[in-house]
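Work through the exercises below with the sequence and the 3D view at hand. Try each task before reading its solution.

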Amino acid sequence: MLEAFTPAWPTLTLSDIARRAALPLTTTHRLVGELCASGALERDGDGTYRIGLRLWEIASLAPRGVPLREAALPFLEDLYEVTHENVQLGVREGHEVLYIERIAGRQAVGVLTRVGGRFPLHASGIGLVLLAHAPEAVQLEVLSGPLQRFTDHTITDPDRLRRMLTQIRRDGVAVSDRQVTDDALSVAAPIFDAGGAVLAALSIVSKADGTDPARLVPAIRAAALGTSRALRVRRAPG
């Protein structure tokens, strides 16, 4: 039932919920009442329902959610102050990036992503980093499945993409040049947990024209390294 709510449908009537969840109206009425009582749903004055703050409270306990965001935010803010470009933080959820923070520059290039939004792994800078460090089974599933083309520059050839992932692991950064939109370029780097596994990634998204990706690499590497260290300090035993 909670999955009936989406960015396109943030508020729903009882009938909407029943239809989208494929449930009888009487069952929906009972379950919605229970969800409202627990705070998972809230009822507006016009009788429609929306996701409640209780879910946000619970979600804030997820280790890849608020704790990661809090560790990364100072470095994201530094990146923004230095570049005045879009800066983003994301984690892998299955075959997609889930974006958990973003700072948008007023004069920066437009992006398709939003906080809480998802995007395929194979095109964006963050997605490429996360895919390069994903388990081999995940890489095989993504490479063998349909690879959506967003622009003429999107890499959809599995062999070429596989070589690119190898290069990302070797270089420690990913560059997505006009693969998502024709006017944007992103540079991304991985964030590591205490065990050395890639937990997340962050990126700078800039205008493709006139941007030298090499100029952004030192800053993005420093921010990713700083976030990795901050996470280790937060989780170290007191």
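**Exercise 1. A salt bridge and its surroundings**

Does aspartate 171 count as buried, partly exposed or exposed, and what is its relative accessibility?

Solution. Keep in mind that this is a predicted model. Step 1: the relative accessibility of aspartate 171 is 30%. Step 2: buried needs under 20%, and exposed needs over 50%. Step 3: aspartate 171 therefore counts as partly exposed. Step 4: look at its partner. The side chain of aspartate 171 meets that of arginine 170 in a salt bridge, 3.7 Å from N to O. Arginine 170, at 61% relative accessible area, is exposed.

**Exercise 2. Salt bridges within helices**

State how many salt bridges the structure holds, then examine two that lie within a helix.

Solution. Step 1: the structure holds eight salt bridges. Step 2: take arginine 30 and glutamate 34. Their closest N and O atoms are 3.7 Å apart. Both residues lie in helix α2 (residues 25–38), four residues apart, about one turn of the helix. Arginine 30 has 46% relative accessibility and counts as partly exposed. Glutamate 34, at 45%, also counts as partly exposed.

Step 3: take arginine 162 and aspartate 159. Their salt bridge has an N to O distance of 3.0 Å. Both sit in helix α7, three residues apart, again about one turn of the helix. Arginine 162 is partly exposed at 35%, and aspartate 159 is partly exposed at 44%.

Step 4: add arginine 163, which is also placed in helix α7. Its relative accessibility is 56%, so it counts as exposed.

**Exercise 3. The aromatic pair**

Find the aromatic pair and classify its geometry.

Solution. Step 1: a search of the whole structure finds one aromatic pair. Step 2: its members are phenylalanine 119 and phenylalanine 150, with ring centres 4.8 Å apart and planes at 25°. Step 3: planes under 30 degrees apart count as stacked, so this pair is stacked.

Step 4: locate the two rings. Phenylalanine 119 lies in strand β5 (residues 118–120). Phenylalanine 150 lies in the loop between α6 (136–144) and α7 (158–171). The pair therefore ties together parts that are 31 residues apart in sequence. Step 5: check accessibility. Phenylalanine 119 counts as buried at 8%, whereas phenylalanine 150 counts as partly exposed at 24%.

**Exercise 4. The sheet**

Which order do the strands of the six-stranded sheet follow, and which strands stand at its edges?

Solution. Step 1: the sheet is open, with the order β5-β4-β3-β8-β7-β6 and antiparallel pairing. Step 2: β5 and β6 stand at the edges. Each has a single partner strand, so one side of each is left without a neighbour in the sheet. Step 3: neighbouring strands are turned by 30° against each other on average, direction ignored.

Step 4: look inside the sheet. Five bridges join β3 to β8, and these strands run antiparallel. Valine 87 has isoleucine 204 in β8 as its bridge partner.

Step 5: move to the β6 edge. Four bridges join β6 (residues 174–177) to the antiparallel strand β7 (residues 184–192). Valine 175 stands opposite valine 187 in β7. Six residues lie between the strands of this hairpin, where arginine 178 takes a positive phi near 60°.

Step 6: compare the faces of β6. Ala174 and Ser176 make up its covered face, while Val175 and Asp177 make up its uncovered one. In a regular strand, side chains alternate between the two faces of the sheet.

**Exercise 5. The nonpolar cores**

How many residues are in the largest nonpolar core, and which element gives the most to it?

Solution. Step 1: the largest nonpolar core has 29 residues. Leu68, Leu76, Leu89, Leu202 and Ile220 touch the most other members. Step 2: the elements giving two or more residues to this core are α4 (66–83), β3 (86–93), β4 (96–103), β7, β8 (198–207) and α8 (213–235). Step 3: α4 gives the most, with seven residues. Step 4: a second, separate core has 24 residues, including Leu130, Leu131, Leu165 and Ala174.

**Exercise 6. Confidence**

Which elements have the lowest and the highest mean pLDDT?

Solution. Step 1: the protein averages a pLDDT of 87, and 91% of the residues score at least 70. Step 2: helix α3 (residues 53–59) has the lowest mean, 73. Helix α5 (residues 125–132) has the highest, 96.

Conventions:
Residues are numbered from 1 along each chain as its sequence is written. This is a predicted model: local features need pLDDT of at least 70, side-chain atom pairs count only at pLDDT 80 or more; totals for chains, interfaces and linings use all residues. Side-chain values use heavy atoms; hydrogens and water are left out. Rings of Phe, Tyr and Trp (its six-membered ring) pair if their centres lie within 6.5 Å; planes under 30 degrees apart count as stacked, over 60 as edge-to-face and the rest as tilted. Buried means under 20% relative accessible area, exposed over 50%, partly exposed in between (1.4 Å probe, protein chains only). Two strands pair if DSSP finds at least two bridges between them. pLDDT is the predictor's confidence in each residue, from 0 to 100. A nonpolar core is a set of buried Ala, Val, Leu, Ile, Met, Phe, Trp, Tyr and Cys residues joined through side-chain atoms within 4.5 Å. Axes are lines fitted to C-alpha atoms, for helices over the stretch in contact, and angles run from 0 to 180 degrees between N-to-C directions. A salt bridge is a side-chain nitrogen of Lys or Arg within 4 Å of a carboxyl oxygen of Asp or Glu.
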